[in-house]
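Please read the following report alongside the sequence and the coordinates. It moves from the overall architecture to individual side chains.

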Amino acid sequence: MNWRQAHRADLLATTHDPAHDDDIPDNEPPAHKGPYQVESPFDDPHAPAAAPRRAWRPSRVRLLAGALALGLALGAAEEAARLNGYTLDMQHVARIAGFGIDQVNLKGHTFSFDRDIFDALDLANVKTFAALDPAAVKARIERLPWIDTAELSRVYPGRLDIRVTERTPYALWTRDDRHYLIDKTGRVLAAVSGDTLPKLPHFVGEGAAAGAAPFMEQLARYPEISASFATAERVSDRRWRLKLTNGTTIELPADGEVGALEAIAGDEALKRLVVAGNTTLDFRGPGRLAIRPEKQPAAPAPAPGTGS
């Protein structure tokens with residue numbers, strides 16, 4: 001037998017024979033693992049399961065940092081394009097980047113028109129949050145007649161919520177034969193038809209709208225007069241002419257209107273005249289009072305063919 005035949009015989013002698021597996025003792029220690037072998041939970045069926053991996057979620061700080069980085073990048077791109085003689089459609093770029101205004105929700109309005117609020121928003125030119133100026137939009141919306149306050153908020157990714165509060169009608173103001181609803185500050189809310197006037201305090205004349213609320217607050221201290229209030233007319237934007245429902249007219253002076261009302265409240269005879277009606281009390285003269293009876297409105301003539 002040469003050396004080649006001897007080597008082959010050794011290899012055959014060491015070949016694994018399944019028939020001799022039972023000869024291996026049960027308590028034989030496991031074979032040593034090599035340096036690049038690691039323990040695996042699959043090696044032991046009783047090994048504890050690996051802890052589940054937590055899903056990565058971007059924090060608010062990361063979102064803000066990302067938005068800031070994107071804004072700086074867009075600004076740098078726009079400046080680079082400008083220097084090279086190009087014009088970028090930044091709103092288009094911003095929409096692609098996720099800054100587009102895809103939906104607008106309006107809440108809180110009853111008398112204001114949707115179209116007026118949308119016009120103030122200027123969606124034809126402002127299509128992204130990058131181009132939106134919240135302070136300017138808020139100011140434009142609050143200039144609408146009925147709007148008192150407006151609040152804007154973004155709901156990610158692309159929704160804009162606008163919540164408004166509206167003003168409350170306080171009085172009716174007549175100027176040049178036209179009628180308007182005004183609020184407590186004298187702001188004109190809307191024009192109204194003369195055929196369907198609301199039951200509100202009625203003020204007439206130039207300058208009457210701005211002075212309506214202060215005058216009514218002052219008049220409320222004299223219930224015997226305010227209970228019969230019909231109309232307050234501003235004369236030459238200097239003084240008030242007060243008309244009551246029973247036909248009484250009180251000409252108040254330009255200065256000292258409170259003193260005139262106090263004089264009526266403190267004099268029983270004057271109070272009886274006010275309550276009786278169809279009388280004019282003129283306080284315009286300094287230190288004196290003129291009293292003039294007013295003609296009662298004539299009774300309507302009977303229809304032809306009636307009577308005894």
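The paragraphs below describe the sheet, its strands, the aromatic pairs and some backbone features.

## Overall architecture

The coordinates are those of a predicted model, and its secondary structure comes to nine helices and twelve strands. Of the 308 residues of the protein, 28% count as buried. Among the contacts between residues at least 6 apart in sequence, 46% join residues that are at least 24 apart.

Nine strands form an open sheet with mixed pairing, and their order across the sheet is β6-β5-β4-β7-β8-β9-β10-β11-β12. Its edges are formed by β6 (188-192) and β12 (290-293), each of which pairs on one side only. Neighbouring strands of this sheet are turned against each other by 20 degrees on average, direction ignored.

## The sheet around β11

Strand β11 (residues 279-282) runs parallel to β10 (residues 249-251), to which it is joined by three bridges, and within this pairing Thr249 stands opposite Thr280 in β11. Towards β12 the arrangement is antiparallel, with four bridges joining the two strands, and here Thr279 stands opposite Pro293 in β12.

Are the residues on the two faces of β11 buried or exposed? Both faces are covered, since Thr279 and Leu281 on one side and Thr280 and Asp282 on the other are all buried. Helix α9 (residues 268-276) lies across β9 (239-244), β11 and β12, and runs at about 135 degrees to β11.

## Aromatic pairs

A pair of aromatic rings is described by the distance of the centres and the angle of the planes. The model holds five aromatic pairs, and two of them are set out in the table.

| Pair | Geometry | Centre to centre | Angle between planes |
|---|---|---|---|
| Phe111 and Trp146 | stacked | 4.4 Å | 20 degrees |
| Phe203 and Trp240 | edge-to-face | 5.8 Å | 75 degrees |

In the stacked pair, Phe111 lies in the loop between β1 (103-107) and α4 (114-121) and Trp146 in the loop between α5 (134-142) and β2 (147-155), so the pair ties together parts that are 35 residues apart in sequence. Phe111 is partly exposed, with a relative accessible area of 47%, whereas Trp146, at 10% relative accessibility, counts as buried.

In the edge-to-face pair, Phe203 lies in strand β7 (residues 202-204) and Trp240 in strand β9, so this pair ties together parts that are 37 residues apart in sequence. Both Phe203 and Trp240 are buried. These two residues also belong to a cluster in which ring pairs link Phe203, Phe215, Phe229 and Trp240.

Another contact with a ring involves a charge: the charged end of Arg115 sits over the ring of Phe113, 4.4 Å from its centre.

## The surroundings of Trp240 and His202

With a relative accessible area of 3%, Trp240 is buried because the limit for that class is under 20%. Its contacts, leaving aside neighbours within four places in sequence, include Phe203, Phe215, Ala232, Arg234 and Glu257. Ile250 is also among these contacts of Trp240; the two residues are ten apart in sequence and 8.5 Å apart in space, C-alpha to C-alpha.

His202 has its place in strand β7. A polar contact of 2.6 Å joins the side chains of His202 and Thr174. Leaving aside its neighbours within four places in sequence, His202 is in contact with Leu172, Thr174, Phe229, Ala230, Thr231 and Ala232. Phe229, one of these residues, is also part of the aromatic cluster.

## Backbone features in loops

Which residues are joined by a cis peptide bond? The bond in question joins Tyr156 and Pro157, with omega at about 5 degrees, and Pro157 has its place in the loop between β2 and β3 (159-166).

Asp176 has a positive phi of about 55 degrees although it is not a glycine. Asp176 lies in the loop between β4 (171-175) and β5 (178-182), and at 67% relative accessibility it counts as exposed.

Ser236, likewise not a glycine, has a positive phi of about 55 degrees. Ser236 is found in the loop between β8 (229-235) and β9, where, at 61% relative accessibility, Ser236 counts as exposed.

Conventions:
Residues are numbered from 1 along each chain as its sequence is written. This is a predicted model: local features need pLDDT of at least 70, side-chain atom pairs count only at pLDDT 80 or more; totals for chains, interfaces and linings use all residues. Side-chain values use heavy atoms; hydrogens and water are left out. Two strands pair if DSSP finds at least two bridges between them. Axes are lines fitted to C-alpha atoms, for helices over the stretch in contact, and angles run from 0 to 180 degrees between N-to-C directions. Contact means heavy atoms within 4.5 Å. Rings of Phe, Tyr and Trp (its six-membered ring) pair if their centres lie within 6.5 Å; planes under 30 degrees apart count as stacked, over 60 as edge-to-face and the rest as tilted. Buried means under 20% relative accessible area, exposed over 50%, partly exposed in between (1.4 Å probe, protein chains only). A charge sits over a ring if NZ of Lys or CZ of Arg is within 6 Å of the ring centre and within 35 degrees of the ring normal. A polar contact is a pair of N or O atoms within 3.5 Å; within protein, one must be able to donate a hydrogen and the other to accept it, and residues adjacent in sequence count only if both atoms are side-chain atoms.
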